[in-house]
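Here are a few short exercises to work through with the model open beside you. Try each task before reading on to its solution.

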Amino acid sequence: MEIHVFDTYVTASDGHTMHFDVFTSENNQEKAIGYAKKWLDSINETAAQVSSNECRFCHSQKAPTNVIDDIRQHGFYIYKMEGCPEA
């Protein structure tokens, strides 16, 4: 499966920057923004600003099995990089 990667930077409620990628099966920025908001809500960062300025298409690539499974189940996968809470 080819996935589409949206590079995302948001400011957390305490002021630090969270950097993560939203992986989706569709190259659709509005859906990626919605998935980013959904994930942020799940970690109690409901006030974080997410728009086309913070969440931008980066590239497409093949996905490993665990990512494909999450995308099929939830519609997206969040790849945490800097400043993101651990699960």
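**Exercise 1. Count the secondary structure elements and write down their order.**

Step 1: This is a predicted model, and its secondary structure comes to two helices and four strands.
Step 2: Reading from the N terminus, the order of the elements is β-β-α-β-α-β.
Step 3: Now for overall compactness: the radius of gyration is 12 Å, close to the 12 Å that the globule rule gives for 87 residues, so the protein is as compact as a globular protein of that length.
Step 4: For the outline, the C-alpha atoms fill a box of roughly 35 × 25 × 20 Å along the principal axes.

**Exercise 2. Describe the burial, the surface and the charges of the whole chain.**

Step 1: Of the 87 residues, 40% count as buried.
Step 2: The accessible surface comes to about 5,200 Å², and carbon and sulfur atoms account for 44% of that area.
Step 3: Turn to the contacts with a separation of 6 or more: 60% of them are between residues 24 or more positions apart.
Step 4: Among the side chains, 7 are positive and 13 are negative. The centres of these two sets lie 7 Å apart.

**Exercise 3. Decide whether H4 is buried or exposed, and find its partners.**

Step 1: Locate H4 in strand β1, which covers residues 2–11.
Step 2: The relative accessibility of H4 is 10%; the cut-off for buried is under 20%, so H4 counts as buried.
Step 3: Leaving out residues up to four places away in sequence, H4 touches V22, F23, T24, S25, E26, N27, F57, H59 and S60.
Step 4: One of these neighbours, S60, also has a side-chain link to H4, a polar contact of 2.6 Å.

**Exercise 4. Carry out the analysis for Y9: where is it, and which residues does it touch?**

Step 1: Y9 is placed in strand β1.
Step 2: With a relative accessible area of 41%, Y9 falls between the 20% and 50% limits, so Y9 is partly exposed.
Step 3: Beyond residues up to four places away in sequence, Y9 touches T17, M18, H19 and E54.
Step 4: Look at H19 in particular: its side chain and that of Y9 make a polar contact of 3.3 Å.
Step 5: Finally, take a distance across the chain. Y9 and S51 are 42 residues apart in sequence, while their C-alpha atoms are separated by 10 Å.

Note on methods. Residues are numbered from 1 along each chain as its sequence is written. This is a predicted model: local features need pLDDT of at least 70, side-chain atom pairs count only at pLDDT 80 or more; totals for chains, interfaces and linings use all residues. Side-chain values use heavy atoms; hydrogens and water are left out. The radius of gyration is taken over C-alpha atoms; the globule rule is 2.2 Å times the number of residues to the power 0.38. Buried means under 20% relative accessible area, exposed over 50%, partly exposed in between (1.4 Å probe, protein chains only). Contact means heavy atoms within 4.5 Å. Accessible areas come from the Shrake-Rupley method with a 1.4 Å probe; for residues, only the protein chains shown count as cover. Lys and Arg count as positive and Asp and Glu as negative; His and the chain ends are not counted. The place of a charge is taken as NZ of Lys, CZ of Arg, CG of Asp or CD of Glu. A polar contact is a pair of N or O atoms within 3.5 Å; within protein, one must be able to donate a hydrogen and the other to accept it, and residues adjacent in sequence count only if both atoms are side-chain atoms.
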